[in-house]
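User: Could you take a close look at the second largest pocket for me? I'd like to know what lines it and how the parts around it are arranged.

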Amino acid sequence: PAGAAGPAVLALAAQIGGGLAVALLPLAVLSRADRTLKEAYAALWSGTCFAVGLAIGGMTRPSAVVGALSPARFDGTLWVLFMTALAVTFSLYRLAGRLGV
């Protein structure tokens, strides 16, 4: 459930978030490189962010996924995570379009 993360999980999430922010630095160097390489690195970074978000959100547990799809034992955690991911994706696609990425 949302809000059930303990301090250790939050500290780990902060460390992973910092690592992902540092992993964006090579993208600035690749801006002068081949467009295919830049797109491949951006795709790798995006996929990593997605995987980390699912893991932190607890979506690696089959019970969370089954709970989101089962009307008998409804668990809205997956739906909250999904809607948040959609909002971030749409926002960043608009930003990327304006930046010409």
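Analyst: Quick bit of vocabulary before the number: a pocket here is an open set of grid points, on a 1 Å grid, with protein on both sides within 12 Å along at least five of seven lines, and its volume is the space filled by probe spheres set on the points. By that recipe, the second largest pocket holds about 220 Å³. Keep in mind that this is a predicted model; the chain averages a pLDDT of 80, and 92% of the residues score at least 70.

Now the walls. The lining consists of A13, I16, G17, L20, A21, W45, C49, V52, G53 and I56. Two helices, α1 (7–23) and α3 (35–56), are the elements that each give two or more residues to it. In character, the lining splits into 8 nonpolar and 2 polar residues, with no charged ones.

So how do those two helices sit? Their axes lie 11 Å apart and make an angle of about 175°. Anything over 145 degrees counts as roughly antiparallel, so that is how α1 and α3 run relative to each other. On the α1 side, the contact is made by A13, I16, L20 and A23, while α3 brings Y41, W45, T48, C49, V52 and I56. This contact is also without charged residues: it divides into 9 nonpolar and 1 polar.

One last word on confidence: the mean is lowest in helix α2 (residues 25–29), at 76, and highest in helix α5 (residues 77–99), at 86.

Notes:
Residues numbered from 1 in each chain as written. Predicted model: local features only at pLDDT ≥ 70, side-chain atom pairs only at ≥ 80, totals over all residues. Heavy atoms only, no water. pLDDT = per-residue confidence, 0-100. Helix = DSSP H or I, 4+ residues; strand = E, 2+ residues; numbered from the N terminus. 1 Å grid on protein atoms, 1.4 Å probe; cavity = no way out; pocket = protein on both sides within 12 Å on 5 of 7 lines; lining within 4 Å. Nonpolar A, V, L, I, M, F, W, Y, C, P; charged D, E, K, R; others polar. Axes fitted to C-alpha atoms, helices over the stretch in contact; angles between N-to-C directions. Parallel < 35°, antiparallel > 145°, perpendicular 65-115°, else oblique. Contact = heavy atoms within 4.5 Å.
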